[in-house]
Amino acid sequence: MTTKETIEMNVKICEMFAIEFAEWCIEWRVEFVDDTRQGMLYTYGGMYQKYTMNEILEIYKKEKGL
């Protein structure tokens, strides 16, 4: 596999992951709730606990076994 083919394959994997994460965010109702010194905070699943986007991503990865 050439370098160009490897890059193209990695781009497709990243695009697929980004789309799946976006769909998961919609399904779990990830919503912006606050802009603080720590950055923007979100809720998900109708819960009131606030998370950073990095924390939301970690929750997604854990649920998907990534």
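Arg 29 sits in the loop between H1 and E1, in a model that is predicted. The backbone of Arg 29 is worth a look: phi is near 55 degrees, a positive value in a residue other than glycine. You will find this turn of the backbone just after H1. As for its surroundings, Arg 29 is partly exposed, because its relative accessible area is 48%.

A similar note can be made at the end of the other helix. Just after H2, Gly 65 takes a positive phi of about 70 degrees.

**Helix H1**

Let us step back from the loop into the helix before it. H1 runs over residues 3-27. With 25 residues, H1 reaches 36 Å from its first C-alpha to its last, close to the 36 Å expected at 1.5 Å a residue.

Which residues of H1 are buried? Phe 21, Trp 24 and Cys 25 are buried in this helix, and the buried residues of H1 pack against H2.

Other parts of H1 see more of the outside. Ile 13 is in helix H1 and has a relative accessible area of 43%, so Ile 13 is partly exposed. Together with Met 1 and Met 9, Ile 13 makes a nonpolar surface patch of about 330 Å². Ala 22 also has its place in helix H1, and at 38% relative accessibility Ala 22 counts as partly exposed.

**Helix H2**

Now follow the chain to H2, which covers residues 53-64. Does its length agree or disagree with what twelve residues should span at 1.5 Å a residue? The expected span is 16 Å and the end C-alpha atoms are 16 Å apart, so the two agree.

H2 has two sides that you can tell apart by looking at accessibility. Ile 56, Ile 59 and Tyr 60 are buried. They cover an arc of only 100 degrees around the axis, which means that they lie on the same side of H2. On the other side of H2, Asn 54 and Lys 62 are exposed.

What covers the buried residues of H2? The cover includes helix H1 and strand E2, the latter made of residues 39-43.

Two distances help to place the helices in space. The C-alpha atoms of Ala 22 and Lys 61 are separated by 13 Å, and these residues are 39 residues apart along the chain. For Glu 58 and Ile 13, which are 45 residues apart along the chain, the C-alpha atoms are separated by 18 Å.

**A buried threonine in E2**

Strand E2 deserves its own visit. Thr 43 is found in this strand. Is Thr 43 buried or exposed? Its relative accessible area is 9%, and because buried means under 20%, Thr 43 is buried.

Leaving aside neighbours within four places in sequence, Thr 43 is in contact with Arg 29, Val 30, Glu 31, Val 33, Tyr 48 and Gln 49. So here we meet Arg 29 again, as one of the contacts of Thr 43.

**Salt bridges**

Side chains of opposite charge can pair when their charged atoms come close. How many salt bridges are counted here? The count comes to two, and the table shows them.

| Salt bridge | Closest N to O distance |
|---|---|
| Asp 34 and Lys 50 | 3.2 Å |
| Lys 61 and Glu 58 | 3.2 Å |

Take the pair of Asp 34 and Lys 50, which form a salt bridge. Asp 34 lies in strand E1 (residues 31-36) and Lys 50 in the loop between E2 and H2, so this pair ties together parts that are 16 residues apart in sequence. Asp 34 is partly exposed, with a relative accessible area of 26%, and Lys 50 counts as partly exposed at 43% relative accessibility.

The side chains of Lys 61 and Glu 58 also meet in a salt bridge, and this pair belongs to helix H2. Because Lys 61 and Glu 58 are three residues apart in that helix, about one helical turn separates them. Lys 61 has 25% relative accessibility and therefore counts as partly exposed. Glu 58 is partly exposed as well, at 45% relative accessibility.

Definitions and conventions. Residues numbered from 1 in each chain as written. Predicted model: local features only at pLDDT ≥ 70, side-chain atom pairs only at ≥ 80, totals over all residues. Heavy atoms only, no water. Helix = DSSP H or I, 4+ residues; strand = E, 2+ residues; numbered from the N terminus. Buried < 20%, exposed > 50% of the residue type's maximum accessible area, 1.4 Å probe, protein only. Expected span 1.5 Å × (residues − 1). Arc of directions from axis to C-beta. Contact = heavy atoms within 4.5 Å. Patch = residues over 30% accessible without salt bridge, like charges linked within 9 Å, V, L, I, M, F, W, Y side chains within 5 Å. Areas by Shrake-Rupley, 256 points an atom, 1.4 Å probe, with all protein chains shown as cover. Salt bridge = Lys/Arg side-chain N within 4 Å of Asp/Glu carboxyl O.
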